[in-house]
Amino acid sequence: MSSTAERRQQIEAKRAKLAELRKARADRQKTDSDRKISEPGSGSFTPRNNDVDDLLSSILRESRGPGANNGNFDSGELTPSSSMPGTPSMGTTLLPSSLSGRASRNSDFASSIGISLAPTSNSGTDHIMNREMVPRFLPDLVDVEQELFELPTKKERVIYNKEVQTMEIEIQTPNEEPETLQRGVSEVDLEALQAARDRELEEESVQLDKEIEEEIREIPPEELASILAAPELLEFVDSTTKMFYRAIHDYDPTRDYRIGTETGSDESEGRVKRVCEFFDERYTKNRSITDVDWSPQYPELSVASYNKNAAALNEPDGIVAVWNLHLLERPEFVFHSQSDVLSVTFSPFHSNLVFGGTYSGQILLWDNRSKHLPVLKTPLSASGHTHPVYSMQMVGTQNAHNLITSSTDGTVCSWLVDMLAQPQETQELIHAGHNKTGEVAITAMDFPDNETTAFWVGTEEGNVYQANRYDRAGAKAGLNQYDVYKAHAGPVMGLHFHPTSGSVDFSDLFLTSSVDWTVKLWRAKSLAKPSTTPHAISPLYSFDESDDPVYDVKWHPTHPAIFGAVDGSGKFDLWNLNMDTEVPVVQTAVGTGRALNKLQWDKKDGRRAALGGSDGKLYIYDIGDMAIPRESEWTDLQKTVSGMVGGAQTNGLVDGDVRSIAGR
C-alpha cells in the first residue's frame, strides 16, 4: 500500500511539472506577440514624400559651386550642349573631383533608399543651360598620397586608496534580458529561438506523459483480488458507507456506537404507522427472525436473531443483526454463530455487548468493538445447556447482575457476564407428575420487575409454573409443582409480566400467548403462601380474537392498559383494556401475511414496536400518541381488572358446580 502511495505522489509531481512547463511556454508566446505589436518592424523602410523632396533639394544646393558660374545643375550632373564645337557629348559628365565624389555618394545613398536620381530635361531652359554650363577650363586631376599616423593615447593613471577595492556591478535578474541582446537579435532569430524552446517543451511533455502512462499500469487480476480482500480496505469501506447512509437520512454520520453511551431521540406522531422495515439480501435472505430486542442506551438501535439459511451452505448457520433507524440499507453490525440463534438480548449495563442463545445450547457473547465472531461462548458440555435456548434475561443491578437462560430440557443456568466457561448456578426443573419424563420443557421465561429470585416459565405442555433460584421462606429452590397455571391447550410461546410504573402496582399481572390461538391474563399467586397440594390456577381473562397461533405478547412499557400481540397470519393486534376487552383497538396486517414471530417495545417511551417476521424482515411500527397515558389510566385499569376477577370467580364457581355434577 505504501509503494502505491509513493507512485501516486510521483505521478502527481510530474503532472504538476508538466503543467508549469506548458504555462511557461504560453506566457512566453504571449510576451513575444505583445512585443511584436508594440515595437515597429525592422523590415523595409518607406520614406515619406517630404523627406524625398528635402533630400533632393539639399543635393542640388551642394552641387552648385563657384566654378559653375551660377549655372543650373540638375541632380548634380553637368550637361553641356552638344551643338557647341569642342565639347563632349551629352552623355558625358564633366565634374570636378570634389563634386564628382559628392555626386557619386549622393547617388549611392539615393539608390540605397530606393530613389532614382535620373537627369531631367526642361525645354524652356535648355538653351540657357547649354550656354552657361560650358566650362572655361578643365581642372587637372592629380593623385595625392597621405600618410595616416596613430598617436598613442595617454595611459590612464589608476589611483588606489585604502577602501575596499571592488567595483559596483549591475546584476540583472533572470527574467531581464540584456538590452544589447534585445537590439542585436533579429526577428528571425527570435522566432528560431522560440521554436527551439517550444520543441524542448513538447519533447519534455511527451516524455512526462510516457512516464505517467508507465506509472499508471493495469493491475493484474490476482493483485487486484488481494487488494480488494485486504481487511483494511474492507473496514474502511464498511465505516465510510455507514457514514454515507446516515448522512442521507439526516442523522449524525460520525456517531460511533462502539464508544461510550449517549441517548438520542426520534419522535413521531399520529396513529399507528409503519416506520420502516429492515432486510438485507446478503445476510437475511431465506432466514426467519427468532427474537428481537431494543438497545437500552441507543433508542434507534434494535437487534434481531436469525435461524439457518438452508440454501446457503457456506454461510453461518445463525446470525445476529443490529439495525439502525438511520441506516435502513444495511445492518449496523452483523454477528455470526455456528448454530441457529433462537434468543437475543442487549446487555442493559454494557452498551457494546449482545448475548445470544443457540439451538445447540451454547450461550454466545458478541462485542461490537470486535469482529463478527463471538468474544466468549459456553462449552458444549453437560455443565451448561445441551438443548435449544429459547429464553434469556438479564437480572440484577449495574454492580451485581447475572444472565439467566433456560432451555427445553428444563435446565435454568445463571452466568457471569465475564465468565462463560461454566455457569455460576444450574437448576433442573423437574415435575413428578409428568408421565414419561420429569423434565419441564421451557419455551418462555420471565422475571417480575425488581425480582431476581422468583420467575415463571411457560412450557411445551401449555402449563405455566413458578420457580425459585434460591431457597426462601416457605419455598425451596426449584420448581413449584403444586401451583399450576393451567388453561392453554398448546405450547406457551410468550410470557410477560406487567411493568411497575405509575400510581398503582400491577406487577403481579402477566400475559401468556399460545399456539391455541389465545392470549390469557393471569394474576400470580403470592410467593409468601405457596400451595402444598396440587392447585390449578385459572386465568383472569382470555382474549380469543385471533384465528391463528399467537406467537408473542408484550405489555406496553409506559401505558398500563395497552399490550400488543402478533400471530401466525402476520397481524399486529394492539389492545387497550380500558377501552375494550373483546377486540383490539387497532389491528394491522403486516408485510406479506406471513407469520410474525416476535414483538418488542422500545425501552424509552414505547412509541415504537419491533416485529420480527418469518420472512426475515424486521418491521418497525409507531403507535404515536396512543403511547402517552392519561393520569386516570391506572385507576381505570384497576376497575377493569376488578371486573375481570369477579367474572373469573363466577366462572370458577360454575365450573366447580359442573365438576361436582359430573362427579355424581
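Here's a quick briefing on the pocket, salt bridges, surface patch and backbone details of this structure. Keep in mind that this is a predicted model. The largest pocket has a volume of about 1200 Å³, and 45 residues line that pocket. Beyond the pocket, there are 15 salt bridges to look through, plus a nonpolar surface patch made of I219, L224 and L228.

**The largest pocket**

- If you want to find the middle of the largest pocket, look for Q393, D446, H496, Q600 and K603, which are the lining residues closest to its centre.
- Seven strands each supply at least two residues of the lining: strand 2 (289–294), strand 6 (341–346), strand 10 (389–396), strand 14 (442–446), strand 18 (492–497), strand 23 (550–555) and strand 27 (596–601).
- Strand 10 gives the most to the lining, with 7 residues.
- Sorted by class, the lining of the largest pocket comes to 23 nonpolar, 12 polar and 10 charged residues.

**Salt bridges**

- D367 pairs up with R369 in a salt bridge, and the closest N and O atoms sit 2.7 Å apart. D367 has a relative accessible area of 10%, so it counts as buried, given that buried means under 20%.
- R523 and D508 make another salt bridge, with 3.1 Å between the closest N and O atoms. This pair links distant parts of the chain, 15 residues apart: R523 belongs to strand 20 (residues 519–523), while D508 is in the loop between strand 18 and strand 19 (509–514).
- Both ends of that pair get some exposure: R523 is partly exposed at a relative accessible area of 33%, and D508 is also partly exposed, at 26%.
- K554 and D552 form a salt bridge too, with their closest N and O atoms 3.1 Å apart. K554 counts as buried because its relative accessibility is 12%, and D552 is buried as well, with a relative accessible area of 1%.
- Elsewhere, R274, E277 and K617 are joined into one network by salt bridges that share partners.

**The nonpolar surface patch**

- I219, L224 and L228 together have about 250 Å² of accessible area in their patch on the surface.
- Of these, I219 is found in the loop between helix 6 (187–215) and helix 7 (221–228).
- With a relative accessible area of 37%, I219 is partly exposed, so it clears the patch cut-off of over 30%.

**Positive phi angles**

- Some background first: most residues other than glycine have a negative phi.
- N286 goes the other way, with a positive phi of about 60° although it is not a glycine. You'll find N286 in the loop between strand 1 (273–278) and strand 2, where it is partly exposed with a relative accessible area of 48%.
- W517 is another one to check: its phi is near 75°, a positive value in a residue other than glycine. W517 is in the loop between strand 19 and strand 20, and at 44% relative accessibility it counts as partly exposed.

**Buried strand residues and their contacts along the chain**

- V550 lies in strand 23, one of the strands that supply at least two residues of the lining of the largest pocket. V550 is buried, with a relative accessible area of 2%.
- In sequence, V550 and V492 are 58 residues apart, yet their C-alpha atoms are 9.2 Å apart in space.
- F572 is placed in strand 25 (residues 571–576), and with a relative accessible area of 1% it is buried.
- F572 and T588 are 16 residues apart in sequence, with a C-alpha to C-alpha distance of 5.0 Å.

Methods
Residues are numbered from 1 along each chain as its sequence is written. This is a predicted model: local features need pLDDT of at least 70, side-chain atom pairs count only at pLDDT 80 or more; totals for chains, interfaces and linings use all residues. Side-chain values use heavy atoms; hydrogens and water are left out. Patches are made of residues with over 30% relative accessible area and no salt bridge: like charges are joined within 9 Å, nonpolar side chains (Val, Leu, Ile, Met, Phe, Trp, Tyr) within 5 Å. Accessible areas come from the Shrake-Rupley method with a 1.4 Å probe; for residues, only the protein chains shown count as cover. A salt bridge is a side-chain nitrogen of Lys or Arg within 4 Å of a carboxyl oxygen of Asp or Glu. Helices (H or I, at least four residues) and strands (E, at least two) are DSSP runs, numbered from the N terminus. Buried means under 20% relative accessible area, exposed over 50%, partly exposed in between (1.4 Å probe, protein chains only). On a 1 Å grid over the protein atoms alone, a cavity is a set of points where a 1.4 Å probe fits but cannot get out, and a pocket is an open set with protein on both sides within 12 Å along at least five of seven lines; lining residues have an atom within 4 Å of a point. Grid points are joined across faces, edges and corners, and a volume is the space filled by probe spheres set on the points. Ala, Val, Leu, Ile, Met, Phe, Trp, Tyr, Cys and Pro count as nonpolar, Asp, Glu, Lys and Arg as charged, and the others, Gly among them, as polar.
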